[in-house]
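Okay, thanks everyone for coming. I've got one structure to walk through today, so let me put it up and we'll go from there.

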Amino acid sequence: MAVERIGVSLGGPLLEEFDRLVASEGFPSRSEALRELIRRALVRRRREAGGKVVGTITIVYRHDVGMVTHRILHRQHDFMGSIRATAHTHLGEETCLEVLIVEGEMRQVEDLASRLRTLKGVLFAESVVARPDLP
Ligand code: NI
Ligand code: NI
């Protein structure tokens with residue numbers, strides 16, 4: 001991979017804030033911080049424009065509400081093409097946490113997350129996505 005050096009002019013409060021961010025987030029260098037910020041922007045663009053993503057959906061739910069466990073399973077089967085793996089842990093007497101590892105079109109992943117979120121008994125359902133082809 002060819003690496004090019006690019007010059008970035010920054011000054012005043014923007015540079016000061018950037019250096020504080022580099023220090024507080026623990027980046028080893030300004031360059032590493034910039035690369036990470038660019039990748040984050042690329043992922044955000046993928047989120048908005050659509051396309052292939054990989055990531056997770058985290059769900060917290062009360063398993064004793066209605067048929068929620070059953071409904072969550074049904075939803076997952078509706079989207080089985082986008083789900084690579086799942087993990088489940090019991091948080092307490094009534095509460096469960098489940099993580100789905102997902103891969104597919106952004107639209108599908110968001111659709112699945114919102115269909116899980118709107119089920120009665122589900123307290124939380126959010127996706128975290130990245131691009132599988134992030135440079
Ligand atoms: Ni199943
Ligand atoms: Ni459980």
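So, to start: which residues does Ile57 touch, not counting residues up to four places away in sequence? Keep in mind that this is a predicted model. Ile57 touches Glu98, Val99, Leu100, Val102, Val109, Leu112, Ala113, Leu116, Glu126 and Ser127.

Some of those names come back when we look at the core. The largest nonpolar core has 20 residues, and Ile57, Ile59, Leu100, Leu112, Leu116 and Val122 are those with the most contacts inside it. Two or more residues come from each of β1, α3 (68–78), β3 (95–105), α4 and β4. The top contributor is α4, with five residues. As background, nonpolar side chains in soluble globular proteins tend to be buried together.

Next up, α2, residues 30–49. A quick sanity check: with 20 residues at 1.5 Å each, the helix should span 28 Å, and the end C-alpha atoms are indeed 28 Å apart, so that agrees. Which side of this helix is buried? Ala33, Val43 and Arg46 are buried in α2. Looking down the axis, the buried residues fall within an arc of 140 degrees, so they line one face of the helix. On the other side you've got Arg44, Arg45, Glu48 and Ala49, which are exposed. As for what covers the buried residues, that includes α1 (12–25), β1 (52–62), α4 (106–117) and β4 (122–130). Right after α2 comes Gly50, with a positive phi, near 85 degrees.

Now, an arginine that ties back to that helix. Arg131 sits in the segment after β4. Is Arg131 buried or exposed? Its relative accessibility is 17%, and the cut-off for buried is under 20%, so Arg131 counts as buried. The Arg131 side chain makes a polar contact with the side chain of Asp133, at 3.0 Å. Leaving aside neighbours within four places in sequence, Arg131 is in contact with Leu42, Val43 and Arg46, plus Lys52 and Val54. Val43 and Arg46 are two we just met as buried residues of α2.

Last thing, the metal. What coordinates the nickel ion (ligand 2)? That's His88 through NE2, His90 through ND1 and Cys96 through SG, at 1.9 to 2.2 Å. Along the chain, the donors follow the spacing H-x1-H-x5-C. Cys96 counts as buried, at 3% relative accessibility, whereas His88 is partly exposed, with a relative accessible area of 37%.

That's my tour, happy to go back to any part.

Key: Residues are numbered from 1 along each chain as its sequence is written. Chains are lettered from A and ligands numbered from 1 in the order in which they are written. This is a predicted model: local features need pLDDT of at least 70, side-chain atom pairs count only at pLDDT 80 or more; totals for chains, interfaces and linings use all residues. Side-chain values use heavy atoms; hydrogens and water are left out. Helices (H or I, at least four residues) and strands (E, at least two) are DSSP runs, numbered from the N terminus. The expected span of a helix is 1.5 Å times one less than its number of residues. Buried means under 20% relative accessible area, exposed over 50%, partly exposed in between (1.4 Å probe, protein chains only). The arc is that of the directions from the helix axis to the C-beta atoms. Contact means heavy atoms within 4.5 Å. A nonpolar core is a set of buried Ala, Val, Leu, Ile, Met, Phe, Trp, Tyr and Cys residues joined through side-chain atoms within 4.5 Å. A polar contact is a pair of N or O atoms within 3.5 Å; within protein, one must be able to donate a hydrogen and the other to accept it, and residues adjacent in sequence count only if both atoms are side-chain atoms. Donors are N, O and S atoms within 2.8 Å of the metal (3.2 Å for Na, K and Ca); water is not among the atoms, so sites may look incomplete.
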